Structure formats: structure tokens, C-alpha cells
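I opened my notebook for a fresh look through a model today. Here is what I looked up, entry by entry.

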Amino acid sequence: MTSLAPSARDGLVRTVVVVEDEQPIAQAVAARLRSEGYAVEIAADGPSGVAMCARIRPDLVVLDLMLPGLDGIEVCKRIQSERPVPVLMLTARDGETDLLVGLAVGADDYMTKPFSMRELIARVHALLRRAERSADSAQQPVVRIGDVELDATTRRVRVDGELVHLTPIEFDLVHYLAARPGRVSTREELLAQVWGYDVPSGARTVDSHIRTIRRKLGPAIVRTVHGVGYAIEEARANCM
Ligand code: CA
């Protein structure tokens, strides 16, 4: 089973800025990200990295710690002050102090050189998913679907005012669909976005959770789109 990369979600291309002065590394990282479907721009020093992030407003930044002009910590501080964006920091050595400062100024994750491209891609995917998930819940804390109310802040579900217990994965699944009213999500997308990893017998796992959700919240809550996936109808979903 293949999981859907965030680069391809919604058909929108995610943009990554790579700030790295070592050209071979910058080129290799960019090539690998492009092959995964990302749009990539490279900046070779600190000041141009800051300027590029302000101009392009990327979805994620891969940021080297040791840079000419401004170091990675200062670059991270400046791009984060503009707007929050996930930052994956690259460090040349296990400099613990640098690292702690880097994480303190808003880097979300780091990798020590040399790293594998496979690992880099896995980290990039995970950071983007996390960022998109928290943006979704922050924008729509309470979602209504008919007489069902989902509160993402408390993770409580009420049907006709009565509390109903959902497991965390059931909650995330129904909330993910309800936050995208009218849109059909494939099983692969749901696995990638809700579970966040490949599940053995993935499609059947989604189906069995949908069955449980229908049993708890009513059969009409989720529509099956045969051969495609699942959707919650626009007319039923009402974001507050
Ligand atoms: Ca460097």
C-alpha cells in the first residue's frame, strides 16, 4: 500500500525552501524533494534565505545551522517572526548547545549530517502533516454535522446534546471528514492523514472504523462513495 505524500494532497503543490551553503548537499536535497512532488527553491546564505522565505512563503524550510551571513539560528528566528512555518534544521556536528538554541527559536526537528535522504523525506512528510493537522483543528474547533457536535479542543462528541464516547482515531477520522464538507476522501488519504502511517490491511481498517462511527453517531453521518472513499455532506456539516 502506498501512503499519500502531503506534497500531493488536495492537488496542491507544497513549497520547500532549502537554505544550505554546501551546494552538493543543497542540490541533492532539492532533487529528492522534487522527486517527491515538492516545489523547491534554494538559498545559499542566511540573508537570502530570510528574503526568500518572506517572498515565497514556503510550507516548510530545511535550514542548515552553519551558514555565511547569518547563522541558522538567526535565520530561524527571523522567518518565524514573520509567520509560523515548520523548520527542519541540519547540523554538521552533534553540537548540543546549538541544537537546543535552534529548537528554542522554533525549529521543529533536526537531523545531524550525514543523513539519509529517505530519513529526510520521512521527517519532511511528518512535519507537514503535523502542521496541517494543527492548522485544521485550530481553525475549526467545533464542527456540527446534523445533530452531532464535535469539539476539537475538548475532543468531546455529543449527539442531540448527549455525550458519546469515540476512540481517538474515530474522533480524528470523523473530524477530518467533517472539516472538509462535500469532499470525498480516499481510504489511502485517510490512512495517511488520520493514522499517519501505513496500516497492514489498510483499506479494511478504515472501513471497520467507519462502521463503528456509524453505529455510534447514526448511519447517515458518513456517505460511502463506491469505488472512491468516504465523505460528509456539505448540507449536514456546519462549522462554527
Ligand atoms: Ca553550512
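My notes below cover a metal site, two helix pairs and some backbone details.

**Entry 1, the model.** I am working with a predicted model, so I keep that in mind throughout.

**Entry 2, the calcium ion.** I began with the metal and asked which protein atoms serve as donors of the calcium ion. I found Asp21 (OD), Asp64 (OD) and Met66 (O), at 2.1 to 2.3 Å from the ion. Along the chain, I read the donor spacing as D-x42-D-x1-M. Next I placed two of the donors: Asp21 is in the loop between β1 (15–19) and α1 (23–35), and Met66 is in the loop between β3 (60–64) and α3, so this pair ties together parts 45 residues apart in sequence. I also checked their exposure. Asp21 is partly exposed, at 31% relative accessible area, and Met66 is partly exposed as well, at 45%.

**Entry 3, α2 and α3.** How do helix α2 and helix α3 pack? I got an angle of about 15 degrees between α2 (residues 46–56) and α3 (residues 72–82), with the axes 10 Å apart. An angle under 35 degrees counts as roughly parallel, and α2 and α3 are therefore roughly parallel to each other. I noted their crossing as right-handed. From α2, the residues in contact are Gly46, Val50, Cys53 and Ala54, and they meet Val75, Arg78, Ile79 and Glu82 of α3. Sorted by class, this contact has five nonpolar residues, one polar and two charged.

**Entry 4, α6 and α8.** Then I turned to α6 (residues 168–178) and α8 (residues 202–217), which pack at about 85 degrees with axes 10 Å apart. That makes α6 roughly perpendicular to α8. On the α6 side I listed Ile169, Glu170, Leu173, Val174 and Leu177; on the α8 side, His209, Ile210, Thr212, Ile213, Lys216 and Leu217. The classes here are seven nonpolar, two polar and two charged.

**Entry 5, backbone details.** As background, most residues other than glycine have a negative phi, and most peptide bonds are trans. Where did I find a cis peptide bond? It joins Lys113 and Pro114, with omega at about -5 degrees. Pro114 belongs to the loop between β5 (109–112) and α5 (117–139). I also noted positive phi values outside glycine. Arg57 has phi near 50 degrees and sits in the loop between α2 and β3. Asp160 has phi of about 55 degrees and lies in the loop between β8 (156–159) and β9 (162–164). Asp160 is exposed, with a relative accessible area of 62%.

Definitions and conventions. Residues numbered from 1 in each chain as written. Predicted model: local features only at pLDDT ≥ 70, side-chain atom pairs only at ≥ 80, totals over all residues. Heavy atoms only, no water. Axes fitted to C-alpha atoms, helices over the stretch in contact; angles between N-to-C directions. Parallel < 35°, antiparallel > 145°, perpendicular 65-115°, else oblique. Left-handed = near helix turned anticlockwise from the far one by under 90°. Contact = heavy atoms within 4.5 Å. Nonpolar A, V, L, I, M, F, W, Y, C, P; charged D, E, K, R; others polar. Donors = N, O, S within 2.8 Å, 3.2 Å for Na, K, Ca; no water. Buried < 20%, exposed > 50% of the residue type's maximum accessible area, 1.4 Å probe, protein only.
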